[in-house]
Amino acid sequence: MTDFPRSLIEFQQRFADEAACVRYLFAARWPEGFVCRGCGTSKAWELQTKPWTWECAGCGRQTSVTAGTIMHYSKLPLTTWFWAAYLNFEVNSADREQLAAVVVDRNSPQKHVWRAQIILATAEGCGAAEVMRRAGVSKPCVWRWQERFMREGVAGLLHATRRWRHASG
Ligand SMILES: [Zn+2]
């Protein structure tokens with residue numbers, strides 16, 4: 001992300017709520033103001049029925065400011081993901097050691113190794129494409145485990161529940 005605040009205080013003030021995050025995403029997506037990718041029209045309305053989505057006044061094409069990002073997939077608030085980006089998806093050293101141990105342990109289930117690799121690569125600041133390459137998994141899979149980690153930490157990656165046992169990734 002560009003033009004990101006440098007200090008924690010500045011960050012808190014600037015991205016205090018969802019609307020502030022949306023303004024940032026809007027400006028990042030359309031630095032010169034809204035432009036429809038379908039027809040080039042620069043007029044659009046913000047939809048009331050779908051979150052963070054604009055509808056082109058020319059052709060009716062709808063574009064979400066979070067399209068193509070984990071924020072679109074996730075149910076967590078935008079502020080949470082902005083925090084994660086600001087903190088570089090911070091993973092503390094204890095968690096990092098635990099995840100690294102999972103990766104090198106030959107007895108680890110392969111799915112745990114993938115999940116650990118996803119979080120370690122993310123913590124290193126890798127973009128989604130690089131995380132996918134390193135862990136050898138799809139983008140939805142990367143997002144699923146980033147979200148799980150955000151919600152439940154390392155335990156969320158490693159606990160095995162019957163319901164998830166046969167889920168891919
Ligand atoms: Zn259009």
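What share of the 169 residues in the protein chain is buried? Buried residues come to 24% of the chain. Keep in mind that this is a predicted model, and use the views below to walk through it.

**View 1. The whole chain, with nine helices and three strands.**
Starting from the N terminus, the elements run α-α-β-β-β-α-α-α-α-α-α-α. Take the contacts between residues at least 6 apart in sequence: 41% of them join residues at least 24 apart.

**View 2. The open sheet, three strands in the order S1-S2-S3.**
The pairing in this sheet is antiparallel. Strand S1 (44-46) and strand S3 (62-64) sit at the edges, and each has a single partner strand, so one side of each has no neighbour in the sheet. Direction ignored, neighbouring strands here are turned by 25° against each other on average. S1 and S2 pair over three bridges, and strand S2 (residues 53-56) also pairs with S3 over three bridges. Look for Trp54 in the bridges: its partner in S3 is Thr63, while Glu46 has Trp54 as its bridge partner in S2.

**View 3. The two hairpins of the sheet, S1 with S2 and S2 with S3.**
How many residues lie between S1 and S2 in their hairpin? There are six, and Trp52 in that turn has a positive phi of about 55°. The hairpin of S2 and S3 has five residues between its strands, and in its turn Gly60 has a positive phi of about 85°.

**View 4. Trp52, in the loop between S1 and S2.**
Here is a residue to pause on: Trp52 is not a glycine, yet its phi is positive, at about 55°. As background, most residues other than glycine have a negative phi. Is Trp52 buried or exposed? Trp52 has 20 C-beta neighbours inside 10 Å, so it counts as buried, given that the cut-off for buried is 20 or more.

**View 5. The two faces of strand S2, one covered and one uncovered.**
Trp54 and Cys56 make up the covered face of S2. Thr53 and Glu55 are on the uncovered one. That fits the general pattern, in which the side chains of a regular strand alternate between the two faces of the sheet.

**View 6. Glu55, a residue of strand S2.**
Zoom in on Glu55 and you'll find Gln62 of S3 standing opposite. Leaving out residues up to four places away in sequence, Glu55 touches Ala44, Trp45, Leu47, Gly60 and Gln62. Why does Glu55 count as partly exposed? Glu55 has 17 other C-beta atoms within 10 Å, and partly exposed residues fall between the exposed limit of 12 or fewer and the buried limit of 20 or more. Cys36 is 19 residues away from Glu55 along the chain, with 8.6 Å between the two C-alpha atoms.

**View 7. Arg37, in the loop between H2 and S1.**
With 9 other C-beta atoms within 10 Å, Arg37 is exposed, because the cut-off for exposed is 12 or fewer. Arg37 and Cys56 are 19 residues apart along the chain, and their C-alpha atoms are separated by 9.2 Å.

**View 8. The crossing of helix H6 (residues 110-123) and helix H7 (residues 128-135).**
The two axes come within 9 Å and cross at roughly 145°. The crossing of H6 and H7 is right-handed. On the H6 side, the contact is made by Trp114, Gln117, Ile118, Ala121 and Thr122. H7 brings Glu130, Val131, Arg134 and Ala135. Sorted by type, the residues of this contact are five nonpolar, two polar and two charged.

**View 9. The largest nonpolar core, with 30 residues.**
Which residues of this core touch the most other members? They are Ile118, Ile119, Val142 and Trp145. The elements giving two or more residues to the core are helix H2 (18-29), helix H3 (70-73), helix H4 (78-86), helix H5 (93-104), H6, H7 and helix H8 (139-158). H8 supplies the largest share, seven residues. In soluble globular proteins generally, nonpolar side chains tend to be buried together.

Terms used. Residues numbered from 1 in each chain as written. Predicted model: local features only at pLDDT ≥ 70, side-chain atom pairs only at ≥ 80, totals over all residues. Pairing = 2+ DSSP bridges. Helix = DSSP H or I, 4+ residues; strand = E, 2+ residues; numbered from the N terminus. Axes fitted to C-alpha atoms, helices over the stretch in contact; angles between N-to-C directions. Left-handed = near helix turned anticlockwise from the far one by under 90°. Contact = placed C-beta atoms within 7 Å. Nonpolar A, V, L, I, M, F, W, Y, C, P; charged D, E, K, R; others polar. Core = buried A, V, L, I, M, F, W, Y, C linked by C-beta atoms within 7 Å.
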